[in-house]
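I opened this entry to look up how one strand sits among its neighbours and how two helices pack.

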Amino acid sequence: MKVSRRFFLTAGAATATVFASQFITSCSDQQPTPTNSPASTGNNPQPSATGEINIYSSRHYNTDAELYSNFTKETGFKVNLIEGKDDELIERIKSEGANSPADLLITVDAGRLWRADQAGIFVPVTSQIITDKIPENLRHPEGKWFGFTKRARVLMYNKDKVNPDQLSTYEDLTDPKWKGKIIVRSSSNIYNQSLVASLIAVHGEKETEDWVKGLVANFARSPEGGDTDQILGVASGAGDIALANTYYLARLAKSDKPSEKEIFNKVKAFFPNQSDRGTHINISGGGLIKNAPNPEGAIKFLEYLTSDTAQTFFAQGNNEYPVGAGIPVDSIVAGFGPFKDDTTNVALYGENNAKAVEIMDRAGWV
Ligand code: FE
């Protein structure tokens, strides 16, 4: 059942606490029930006067509540949070059109942010503060969206079955030695689409198609479940190696359930391509909505997200990596070790998305 509910966060700690106790969940995998579904009507926030901002977000983490609360304390702008699923929020803003109360969209994956831009909902932002803090490869070339955290898509392997000396690159996953050993989620998942899109940027379409065919030939099972399910599959022996984002492993490590902690003890993250371009990086990010009723406050919020304090909250909310230099990562995440990023411009994940989907379809990645 969908619940229609909207939270108005203020600097008041009590409000933030109520929020925090209800939303400690994930993105994309295991989506929570939207707190205000796009299908709901009758409680849309009205375009507000200066002093408020309306954030449409698919992030649902307790530290995000603290982030909003701190922003209000620092700037005086009250934050109205409207939560929902990623693609539904884009559709909602699009259908609300010129009357949309949305000032900002916060979501995950550069491929999806690109899709949101294709829907015509963003307007470019020019801000020296933002461009100084966010590396060029993690933002839209015209400032239509920005990455505020990084997520690494890595190889997760079973420590009892795989010697890490055997692992090297994404490209190596097509080697016949991995036949019947690789598990991944569906090609409908934007994370995998963006990974394939990044390979198109590096190798071109033909070579990437050969790679996808080789990967599919090594699948241990038909794709099913989310990233967490792939890690569970590696632990239970359904496959030896999975592709998954690191924060899913960190989440298992922090679980209160002994069975999930045990999975963390069986599975290890391997950062591929350290001898060449680096490990595939994606982002959690956002942009200013074209018809934003409160652009001044909204831009302030985007700038605030680049601050050291906000970077810490934002990244640690989901065990991700901050984009700002010198910001500490969570201790479990730090335990995965340092690594080299692939600095391919994430905007290319969007540009190459349609080709990636076609290639995955042709190769039989269901
Ligand atoms: Fe995710």
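Before reading off any opposite residues, I noted the criterion for pairing: two strands pair if DSSP finds at least two bridges between them. I also kept in mind that this is a predicted model.

**Entry 1: strand E4 and its partners.** I looked up E4, which spans residues 104-108, and asked which strands it is joined to by bridges. On one count, 3 bridges join it to strand E2, residues 52-57, and these two run parallel; within that pairing I found isoleucine 55 opposite leucine 104 of E4. On the other count, 5 bridges join E4 to strand E9, residues 281-288, and here the strands run antiparallel, with isoleucine 106 of E4 standing opposite glycine 286 of E9.

**Entry 2: the faces of E4.** In a regular strand the side chains alternate between the two faces of the sheet. I therefore checked which way each residue points, and found Leu104, Ile106 and Val108 on one side of E4, and Leu105 and Thr107 on the other, with all of them buried. This agrees with the tally for the strand, in which 5 of 5 residues are buried.

**Entry 3: helices H6 and H7.** I then turned to H6 (residues 190-203) and H7 (residues 205-217), whose axes lie 7 Å apart at an angle of about 135°. Because that angle falls outside the ranges for roughly parallel, antiparallel or perpendicular, the two helices are oblique to each other, and I recorded their crossing as right-handed. At the contact, Val196, Leu199, Ile200 and His203 of H6 meet Glu205, Glu207, Thr208, Trp211 and Val212 of H7; sorted by class, this contact comprises 5 nonpolar, 2 polar and 2 charged residues.

Note on methods:
Residues are numbered from 1 along each chain as its sequence is written. This is a predicted model: local features need pLDDT of at least 70, side-chain atom pairs count only at pLDDT 80 or more; totals for chains, interfaces and linings use all residues. A residue is buried if 20 or more other C-beta atoms lie within 10 Å of its own, exposed if 12 or fewer, and partly exposed in between; C-beta atoms are placed from the backbone. Helices (H or I, at least four residues) and strands (E, at least two) are DSSP runs, numbered from the N terminus. Axes are lines fitted to C-alpha atoms, for helices over the stretch in contact, and angles run from 0 to 180 degrees between N-to-C directions. Angles under 35 degrees count as roughly parallel, over 145 as roughly antiparallel, 65 to 115 as roughly perpendicular and the rest as oblique. A crossing is left-handed if the near helix is turned anticlockwise from the far one by less than a right angle, and right-handed if clockwise. Two residues are in contact if their C-beta atoms, placed from the backbone, lie within 7 Å. Ala, Val, Leu, Ile, Met, Phe, Trp, Tyr, Cys and Pro count as nonpolar, Asp, Glu, Lys and Arg as charged, and the others, Gly among them, as polar.
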